[in-house]
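User: I would like to go through the reasoning behind the structural labels assigned to this model. Please justify each one as we proceed.

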Amino acid sequence: MTKTALLLANGKSPTKSLFLNCRRRSEFFICADGGANYAAKLGERPDLIIGDLDSIKALTVKKFRSVTTRRIADQNSTDLEKALSWLMRRNYTDVIVLGATGGRVDHLAGNLSALGKFSKRARITFVDESGEMRAVGSEMVLEAPPGTTISLIPLSRCEGIVTQGLKWELQNGTLELGFREGTSNIVKSSPVTIRVRRGTLLLYQLSESA
């Protein structure tokens with residue numbers, strides 16, 4: 001059974017139209033700490049606010065005083081990880097994350113790490129105005145129009161990568177940050193198949209409007 005949640009983090013706020021598009025696809029809306037500030041500006045009420053709550057503004061707290069709020073002071077996990085952990089414990093299988101990109105670069109790095117870590121337990125998709133990002137796993141079959149730009153981003157050393165349907169193919173290839181990345185490839189034919197023998201590989205798909 002598929003359970004879909006929308007998670008709003010504290011990076012760059014989504015537009016109202018992007019938020020509503022994602023909200024329609026989800027049955028539960030959770031904010032990670034300062035993400036609640038964006039929800040307040042968008043005029044959207046979350047079902048839950050969670051995190052260490054050091055970024056949420058007093059006006060937001062007042063606006064959402066009737067919303068269930070969980071403060072978790074653990075400094076060994078980020079607010080995004082706290083929210084994802086909560087959702088995983090409640091068996092959400094699909095999580096759309098807004099506000100995970102933009103803002104501070106160190107926070108972005110932590111968010112990408114969380115994407116790789118939690119994608120072993122659910123399908124997690126980072127969405128912003130430019131496109132979508134998710135983990136490949138051991139194999140991914142992607143439906144995308146020819147001409148679509150995609151990038152393969154290795155979080156760790158990724159070995160045994162085989163692709164089909166891309167302009168620049170990999171056959172038992174290796175990608176590693178600081179060694180070789182797979183940015184700005186082009187879909188030649190659909191569906192695209194990507195297989196990875198070892199490592200955590202992310203796929204970023206540029207939106208048609210970007």
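User: What makes helix α4 largely enclosed by the rest of the structure?

Analyst: In this predicted model, nine of the 11 residues of helix α4 (residues 79–89) are buried, so the helix is largely enclosed by the rest of the structure. A residue counts as buried under 20% relative accessible area. Those that meet this cut-off in α4 include Leu-80, Leu-84, Trp-86, Leu-87 and Met-88, together with Asp-79, Glu-81 and Lys-82. After α4 comes Asn-91, with a positive phi near 65 degrees.

User: Why are β5 and β6 called paired strands?

Analyst: Two strands pair if at least two bridges are found between them. Strand β5 (residues 94–98) and β6 are joined by five bridges and run parallel, so the criterion is satisfied. Within this pair, Asp-94 stands opposite Arg-123 of β6.

User: Why is the β-α-β crossover from β5 to β6 called right-handed?

Analyst: The term applies if, with the strands pointing away from the viewer, the path from the first strand over the helix to the second runs clockwise. Here the chain leaves β5, passes through helix α5 (residues 105–118) and enters β6, and this crossover is assigned as right-handed. Helix α5 lies across β6, β7 and β14 (201–206), at about 155 degrees to β6.

User: How do you know that strand β6 is mostly covered?

Analyst: Four of the five residues of β6 (residues 123–127) are buried.

User: What makes β6 and β7 a pair, and in which sense do they run?

Analyst: Two bridges join β6 to strand β7 (residues 131–135) in the antiparallel sense, and the requirement is at least two. Phe-126 has Met-133 in β7 as its bridge partner, and a hairpin of three residues connects the two strands.

User: Why are β4 and β12 called edge strands?

Analyst: They belong to an open sheet of 10 strands in the order β4-β3-β2-β1-β5-β6-β7-β14-β9-β12, with mixed pairing. β4 (68–71) and β12 (182–186) each have a single partner strand, so one side of each is left without a neighbour in the sheet. Neighbouring strands are turned by 20 degrees against each other on average, direction ignored.

User: Which strands are at the edges of the sheet of four strands, and what makes them so?

Analyst: That open sheet has the order β8-β13-β10-β11, with antiparallel pairing. β8 (139–142) and β11 (171–175) are its edge strands, as each pairs on one side only. The twist from one strand to the next averages 25 degrees. Strand β10 (residues 158–164) is joined to β11 by three bridges, and Ile-161 stands opposite Gly-173 in β11.

Definitions and conventions
Residues numbered from 1 in each chain as written. Predicted model: local features only at pLDDT ≥ 70, side-chain atom pairs only at ≥ 80, totals over all residues. Heavy atoms only, no water. Axes fitted to C-alpha atoms, helices over the stretch in contact; angles between N-to-C directions. Buried < 20%, exposed > 50% of the residue type's maximum accessible area, 1.4 Å probe, protein only. Contact = heavy atoms within 4.5 Å.
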